[in-house]
Amino acid sequence: MKIAVSGCLLGEKVRFDAGHKRDAFVMDALSKYAEYISFCPENMAFGNPRPSLRLVSNKDNTIKVESNKTGEDLSEKLRAASKADLESIALHSLCGIILKSKSPSCGMMSAKLYQDNGFVESKSDGVFAAMCREKFPLLPMEEEGRLCDAWLRENFVMQLFAYERFEKFKVNATMKELVAFHSVHKFLLQSKDENLYRQLGKIVGNHEDKSFAEILSEYEFLFKTAIAKKSSKGKTRNVLEHMSGFVKSHLNAKEKEMLHEQIDDYAAQIIPLILPLSTLKLYAQKYEIAYLLEQTFLSPYPKELALRSDVKCVK
Ligand code: SF4
């Protein structure tokens, strides 16, 4: 999959001080499954080394970009370079964007916004990040700073791979395949948003006799909206309970008790999510429960990423 990434996170020496901010997760783990498209609007506009920048709010609520050194208004130059970088990354079939936090260009609601008097007023999107949000409203987008949080990282990676699956699926999709696609994403979607899962089911049900192109387009919008939602302990617990319903009839009392204890321990953040899921998968394999085995929630991304092995991957 192709992911656009702030150049400094890729170890490129494009920062104002000609340094970089190489990110270990991006470079050492996710890179095995992704092709990165680099961008750096500031380097494109001003080269490096260069004076650092800051965002300043104008009286009319617009935002300008100032040089920290000279106070010069550099808004137009940075916006032009950001637009060029945006057009350049848009040439690729992207599955996501990873941005550098706190940057006046790349930060996602983490760039400091100053008042004219030099005090920090609030946090804002950087210039490039704001353009990305507008151009790619459904694309998975995250900052490297937030990806240090195990729960946000797991959510983002699940979103990336689900997005990629849909992009591949829609190329030659048929109605029958859409029904199957929806079916195998049941538990993943329920772990995100039960209501959206039900709405997606209605779209697939097609009671209004719409054309397949209309159905697919509606499904795409809602599916991408649903996978952008964050899971929670409660929603994931419900999914685990629901899945356990499929194996229950095969288990003896002791096995049932142990499975439920694992689900309780997961919800209490004593053990990681991978434990009850592995138990469920083992029973599904042993008793050949195909419906469970084909659920993407069991393997939403390559297991080597091991994101569910951390007790902190739940909130
Ligand atoms: S944060 Fe963005 S603009 Fe700043 S150096 Fe990194 S890629 Fe370039």
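A pocket, in the sense used here, is an open set of grid points, computed over the protein atoms alone, with protein on both sides within 12 Å along at least five of seven lines. In this predicted model, the largest pocket is the space taken by the ligand. The ligand is surrounded by 13 residues, and the closest of them are Cys 8, Cys 40, Lys 100, Ser 103 and Cys 106. By residue class, the shell around the ligand divides into five nonpolar, four polar and four charged residues.

From the ligand one can turn to the arrangement of the chain, for which the domain assignment gives domain 1, made up of 2-48 + 77-109 + 126-148, and domain 2, which covers 149-315. The contact between them takes 19 residues from domain 1 and 19 residues from domain 2, while their C-alpha centres lie 29 Å apart. Between domain 1 and domain 2 an area of about 1600 Å² is buried, with carbon and sulfur atoms giving 73% of it, and the rule for salt bridges finds zero across this interface.

Notes: Residues numbered from 1 in each chain as written. Predicted model: local features only at pLDDT ≥ 70, side-chain atom pairs only at ≥ 80, totals over all residues. Heavy atoms only, no water. Near = heavy atom within 4 Å. 1 Å grid on protein atoms, 1.4 Å probe; cavity = no way out; pocket = protein on both sides within 12 Å on 5 of 7 lines; lining within 4 Å. Sits in = over half its atoms within 2 Å of the grid points. Nonpolar A, V, L, I, M, F, W, Y, C, P; charged D, E, K, R; others polar. Domains from an automatic or database assignment. Contact = heavy atoms within 4.5 Å. Buried area = accessible area lost by both parts, 1.4 Å probe. Salt bridge = Lys/Arg side-chain N within 4 Å of Asp/Glu carboxyl O.
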